[in-house]
Amino acid sequence: MNEKRTKFLLDESEMPTKWYNILADLPEPLPPPLHPGTGKPLGPQDLAPLFPMELIKQEMSTERYIEIPEEVQDIYKMWRPTILHRAYRLEKALDTPARIFYKYEGTSPPGSHKPNTAVAQAYYNKKEGIKRITTETGAGQWGSALAFAGACFGVEIKVYMVRISYDQKPYRRVMMETWGAKCVPSPSEETKAGRDMLAKDPECPGSLGLAISEAVEEAVSRDDTHYALGSVLNHVLLHQTINGLETKKVMEKIDAYPDIIVGCIGGGSNFAGLFLPFVKDKIDGTKPDLRVINVEPASCPTITKGPYAYDFGDEAGMTPLLKMYTLGHGFIPPPVHAGGLRYHGMAPIICHLYKLGLVEARAEHQLATFKAGVTFARTEGIISAPEPNHAIKVVIDEALKCKESGESKTILLAHSGHGFVDMAAYDAYLSGKLKDYEYPKKKIDEALSQLPKVPA
Ligand SMILES: *Cc1c(COP(=O)(O)O)cnc(C)c1O
């Protein structure tokens, strides 16, 4: 490997043309999603009011590789393949013998990994004759990604945006509107779920779970409208594997393979998209020592503190029941700036891999993550979104451990996006106004007492 090279990039012609489906390779099958009414395993028809049949098939498929439609590949090529960077300047600042790489998804039009699935979802909906898609958004990244995808295929997009982010991040709303989408704050007066919450708490800052309830409620009430979810579900993680497949291919070319992969998890899609093609090697025994570290906020510690149980994906209890680590579907997380990580549940695939001991998890407080993000900005130049700052914190910790032990490990960071629309959060950090939130044990215990009962 040429030690002087800093950027590694596939040619467009080398871009993977299939997504990787981990369901083909799991050592034990994933616990099935359950119908919220009957508690029985869900059938494809149960999901038909929400999603196009092609996505429902992908959700349940156990085929190892799934073809990426040409129309989707063409749009991917607007910014893909993305660059794998070697973080020489960060390594030098830390004085570590570790080799740090990061795959950066911030160069997509909306600035994150999210269009990898938004584009695919808009495409399959359009193909099935759907005219409108509703969705929720936390920090605004998913809403803007779907707004961009809607513009690509001429599909109308309506976004319910978590109130706290709607107020903190007005520019994300303007991005959505620029791409032609409609964005309303959640809780809203437009749905029963929203009105019920406002009656209980007019000051409610909102939550992803509640915004999902609103978007789902609107989608099931109209024939021309479907719903799209930006994370958590199997088909979303599937679409994100374009990133891991690219990374694996480009690392092979330079004869490198990670010892440790680190990423942040909200619903788990960006990180799973990067690590799933690598975890395949751990499952089949070719890379038994590979370590995969999932990083979540200490104020919303889903995997590190929650029980592994069936729960709803949304606040009002309308979605199927998913077996996952959960803080309870009624849990409203403290308003940390990493809006994309404020979700009560987690992708069932990541939860299953964690349960099987194939991946690890850690929780970090926001002040420490911003400190790491500022170090990254001052060395590598990139101003990161608050979400990947969580992963950067752990990359720095691991690189410093290498310094102590003298080991030259290869660390791969999943860098999910830029922070240009998060400057208010940096302003709060730099002016000393940002604070940490304690682990909200009482609120979590309350929410967990509301877990649905399922037949054994
Ligand atoms: C949405 C988002 C996340 C969290 O979502 P995952 O599904 O866990 O990836 C992380 N980083 C960025 C930049 C995001 O926009």
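Reader: Which residues that line the largest cavity lie nearest its centre?

Author: In this predicted model, they are Lys 114, Leu 208, Ser 231, Gly 267 and Gly 340, out of 31 lining residues. Residues are numbered from 1 along each chain as its sequence is written, and side-chain values use heavy atoms, without hydrogens and water. Local features need pLDDT of at least 70 and side-chain atom pairs 80 or more, while totals for chains, interfaces and linings use all residues.

Reader: Why is this called a cavity, and what makes a residue part of the lining?

Author: On a 1 Å grid over the protein atoms alone, a cavity is a set of points where a 1.4 Å probe fits but cannot get out, and a lining residue has an atom within 4 Å of a point. The search finds 3 cavities of 30 Å³ or more. The largest has a volume of about 350 Å³, where volume is the space filled by probe spheres set on the points, joined across faces, edges and corners.

Reader: What makes the largest pocket a pocket?

Author: A pocket is an open set with protein on both sides within 12 Å along at least five of seven lines. About 550 Å³ of space lies in the largest pocket. Of its 30 lining residues, Pro 33, Glu 59, Leu 233, Asn 234 and Leu 322 are closest to its centre.

Reader: How many residues of that pocket's lining are nonpolar, and what counts as nonpolar?

Author: The lining of the largest pocket has 22 nonpolar, 5 polar and 3 charged residues. Ala, Val, Leu, Ile, Met, Phe, Trp, Tyr, Cys and Pro count as nonpolar, Asp, Glu, Lys and Arg as charged, and the others, Gly among them, as polar.
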